[in-house]
Amino acid sequence: MPGEMPKLRLHVPEPTGRPGQSTDFSYLRVSAAGEVPRPAVDIVPSHTGTMAWKLIRVLDDGGRAVGPWAPQVEPEALRRGLTAMLRTRAFDARMLIAQRQKKISFYMQCLGEEAIAVAHSQALGPGDMCFPTYRQQGLLLSRDDIDVVELMCQLLSNQRDPLHGRQLPVMYSYKRAGFFSISGNLATQFVQAVGWAMASAIQGDTKIASGWIGDGSTAEADFHNALTFAHVYRAPVILNVVNNQWAISTFQAIAGGEGTTFAARGVGAGIASLRVDGNDFLAVLAASRWAAERARRNLGPTLIEWVTYRAGAHSTSDDPSRYRPADDWQHFPLGDPVARLKQHVVGLGAWSDEEHERTVKALDEEMAAALKEASKYGSVQDGHIPPLATMFEGVYEEMPPHLHEQMRQAAAEVEAGAG
Ligand SMILES: Cc1ncc(C[n+]2csc(CCOP(=O)(O)OP(=O)(O)O)c2C)c(N)n1
Ligand SMILES: [Mg+2]
């Protein structure tokens, strides 16, 4: 009888903590360091369910590297990784100040997520191509051949901006550094990465691709389309899902992280998948190497869910105190990636508190000096921006008449406005 049946209703997931409350992080399902097995790289993808549901971790609470995923790595590489994370953090902090000073119009930090891009970059080789989102600046800041002044000029949209003001600040493009132009349309990175990887295989090349997406963006159809192509053709690609718990003000459960994991999506699509502590530098390095080896040996794609926490605001246009507890990051069970790697490297005798402090100070000075240098080429504040014509150039080899006409109209409007 209809009268005896309950009224139908929908389930709308909610975070466990809102402003003024404290988050119950037990929803994360954290495994102990060393607990999750490390399968051979040629594992049948459908057998990676355990790895997709548990959480691969290497660093224990005492900063020791434990278990089967502990990677072979020289202390020097760890020192480089720690310095690159600190460099990324110093860059972010300085750019946040620059935005507050109105020198740049917009910025996005990766505070709390630095280990993911920095350790991942150590697993890639020359010619491999990343298709990043705006939160993987660590891929660039871990390289010696990328000039931070140039990065800052892109953010300042000034006369030395290599992209001539055509991209939103934070949307870098560095082909030579394996960093594909960032596309503002989220989730496109996944289809692009899979397509690039397929092209690499079609050409008989040896280079692999690495695509990036956030938890929220996995709700886009492009994510699922990319998984199908990657699985069917065993594309040589690493599919990174950065689950930082938030998509602007939307909790990750709204994109489907409540009753399952984002890594489990990969298993369902026939892709070997791992769920990894993204704040554990060693776990990120080990999982990235595992996935890179699979891609290089024609064993197919790997999806990796990196579990982390977006410690800062979504962007300089966002105020997270409106939708989550202010002290959430302090209670996040996976801690701070910088503090955790520091503890490990100090434990190895390859780093010290004193060296740490000195490095932080030197990097802060480096960033301040770089911003001063970059500011010499202008900023949006002083109007030293690329000429209007650059908006229309570089699309076609020869500018078609309709663009000529638009350029003429724009110039006339600017002149009228100035007069
Ligand atoms: C296709 C598309 N839809 C919406 C947006 C607007 N937008 C920009 S960032 C963002 C949130 C993305 O969250 P997530 O994927 O979790 O990445 P995170 O910012 O947390 O790194 C949204 C909705 C966009 N850029 N592209
Ligand atoms: Mg997110």
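Start with the whole protein in view: buried residues make up 46% of its 419 residues. Keep in mind as you look around that this is a predicted model.

Now switch to a cartoon display. You should be able to pick out 13 helices and 7 strands. The radius of gyration is 23 Å, close to the 22 Å that the globule rule gives for 419 residues, so the protein is as compact as a globular protein of that length. If you draw a box along the principal axes, the C-alpha atoms fill roughly 70 × 70 × 55 Å.

Next, turn on contacts between residues at least 6 apart in sequence: 78% of these join residues at least 24 apart.

Colour by domain next. Select 32-314 together with 328-375 for domain 1, then 394-418 for domain 2, following the domain assignment. How many Å separate the centres of domain 1 and domain 2? Taken over C-alpha atoms, the separation is 39 Å.

For the last stop, zoom in on glycine 335. Look for this glycine in the loop between helix H10 (328-331) and helix H11 (337-347). Is glycine 335 buried or partly exposed? Glycine 335 has 19 other C-beta atoms within 10 Å, and a residue needs 20 or more to be buried, so glycine 335 is partly exposed.

Finally, select Asn279 and Arg340. Both are in contact with glycine 335, once its neighbours within four places in sequence are left aside. Try a distance label from glycine 335 to asparagine 279: they are 56 residues apart in sequence, and 7.0 Å apart in space, C-alpha to C-alpha.

Notes
Residues are numbered from 1 along each chain as its sequence is written. Chains are lettered from A and ligands numbered from 1 in the order in which they are written. This is a predicted model: local features need pLDDT of at least 70, side-chain atom pairs count only at pLDDT 80 or more; totals for chains, interfaces and linings use all residues. Domain bounds come from an automatic or database domain assignment. Helices (H or I, at least four residues) and strands (E, at least two) are DSSP runs, numbered from the N terminus. The radius of gyration is taken over C-alpha atoms; the globule rule is 2.2 Å times the number of residues to the power 0.38. A residue is buried if 20 or more other C-beta atoms lie within 10 Å of its own, exposed if 12 or fewer, and partly exposed in between; C-beta atoms are placed from the backbone. Two residues are in contact if their C-beta atoms, placed from the backbone, lie within 7 Å.
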